[in-house]
Amino acid sequence: LNEELLAFLLNISPSSVSRIFSTWIILISKEMAAFIHWPTLQEIQNHGVPNCFNKWKRLRSIIDCFEIVTEKPSLAEANSALYSAYKSRPTSKFLISITPGGTVSFVSKGAGGNMSDKEIVLKSGFLEKFDYYDQCIADKGFRVTGEFLEVGVELILPPFAVTGRQFSSKESHPNRDLAHARIHVERVIGRVRDFQILKGPIPVTLLDLISPIVNVCCILTNIMQSVVSEA
């Protein structure tokens, strides 16, 4: 429900609705931040690793990016920063990480839709989360293998096909295993985006709150049954 309708239903002013919402969404995001937990490798292994991840013994994270559609800002500079070529409209972009168990372990602050996957990984502080010899699974759009190697982390990507050549059956099998493992981060993103507030477009008046809003949606997702256990 938008602020004007809530104000009418509650018989208060729209500014009161805005003030109450902004106060509580920030408070909930901070007070429940521990629900987005970056577990140690030992904690992950103690929890039990689903079969689809068994071949990667030091897997710490599965990552992807997702975008939330926003209203178009009036300032040309702000619109340029938010404009996503992928979505062909303004968006706010987030990097999300899940554990092999299917819980959100990291979510970045919102970035402009024009930011590349590589930029958001490097600017979000995500690489600082890992220990040496950890493994991370990502989509082939994440061209940051060298940056991961610099911090001692193996970035596992789908193989790149050579133009005019199909994968052999021997090459296709690992690719299928990786696709089956990666689908879980997409399912978690789908669950996060199921919250009505993220179906967008996010009003310009809420753009400064988009990061705590996404944080709360990720926290609520973590409280639910894991999508991996449902697989």
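Where does Arg58 lie? Arg58 sits in the loop that runs between α3 (41-47) and β1 (59-69), and it is the subject of the first close-up below. A word on the model first: it is predicted, so local features need pLDDT of at least 70, side-chain atom pairs count only at pLDDT 80 or more, and totals for chains, interfaces and linings use all residues. Residues are numbered from 1 along each chain as its sequence is written, and side-chain values use heavy atoms, with hydrogens and water left out.

**View 1. Arg58 and Tyr133, two loop residues in contact.** Helices (H or I, at least four residues) and strands (E, at least two) are DSSP runs, numbered from the N terminus. Not counting residues up to four places away in sequence, Arg58 touches Leu41, Tyr132, Tyr133, Asp134 and Gln135; contact means heavy atoms within 4.5 Å. Arg58 has 34% relative accessibility and so counts as partly exposed. On this scale, buried means under 20% relative accessible area, exposed over 50%, and partly exposed in between (1.4 Å probe, protein chains only). Its partner Tyr133 belongs to the loop between α5 and β6 (135-137). Tyr133 counts as exposed because its relative accessibility is 60%. Look at the backbone here too: Tyr133 has a positive phi of about 75°, although it is not a glycine. For a sense of scale, 40 Å separate the C-alpha atoms of Arg58 and Ser80, which are 22 residues apart along the chain.

**View 2. Lys118 in helix α5.** Helix α5 covers residues 117-123, and Lys118 is one of them. Lys118 touches Arg143, Val144 and Glu147, when residues up to four places away in sequence are not counted. With 34% relative accessibility, Lys118 counts as partly exposed. Ile96 is 22 residues from Lys118 along the chain, and their C-alpha atoms are separated by 13 Å.

**View 3. Ser92, a buried residue of strand β3.** Strand β3 spans residues 89-98 and includes Ser92. How accessible is Ser92, buried or exposed? Its relative accessibility is 4%, so Ser92 counts as buried. Leaving aside neighbours within four places in sequence, Ser92 is in contact with Phe66, Glu67, Ile68, Thr70, Gly110, Ala111 and Ile210.

**View 4. Helix α1 packed against helix α2.** Two packed helices are described by the angle between their axes and the distance between the axes. Helix α1 (residues 3-10) and α2 pack at an angle of about 105°, and their axes are 8 Å apart. That angle makes α1 roughly perpendicular to α2. Axes are lines fitted to C-alpha atoms, for helices over the stretch in contact, and angles run from 0 to 180 degrees between N-to-C directions. Angles under 35 degrees count as roughly parallel, over 145 as roughly antiparallel, 65 to 115 as roughly perpendicular and the rest as oblique. Glu3, Leu6 and Ala7 of α1 meet Pro14, Val17 and Ser18 of α2. By type, the residues of this contact divide into 4 nonpolar, 1 polar and 1 charged. Here Ala, Val, Leu, Ile, Met, Phe, Trp, Tyr, Cys and Pro count as nonpolar, Asp, Glu, Lys and Arg as charged, and the others, Gly among them, as polar. Leu6 is partly exposed, at 27% relative accessibility, and its C-alpha atom is 9.8 Å from that of Ser18. In the loop between α1 and α2 you will find Asn11, whose phi is near 60°, a positive value in a residue other than glycine. Asn11 counts as exposed, at 70% relative accessibility.

**View 5. Helix α2 crossing helix α8.** The axes of α2 (residues 14-31) and α8 (residues 210-223) come within 9 Å and cross at roughly 50°. This makes α2 oblique to α8. From α2, the contact is made by Phe21, Ile25, Ile26, Ile28 and Ser29, and from α8 by Pro212, Ile213, Asn215, Val216 and Ile219. These residues divide into 8 nonpolar, 2 polar and no charged.

**View 6. Cysteines without a disulfide.** How many disulfides does the structure hold? There are 0, where a disulfide is a pair of cysteine sulfur atoms within 2.5 Å. For Cys65, the nearest cysteine sulfur is that of Cys136, 11 Å away. For Cys217, the nearest is that of Cys218, at 7.1 Å. Cys65 counts as buried at 15% relative accessibility, and Cys217 counts as buried at 4%.
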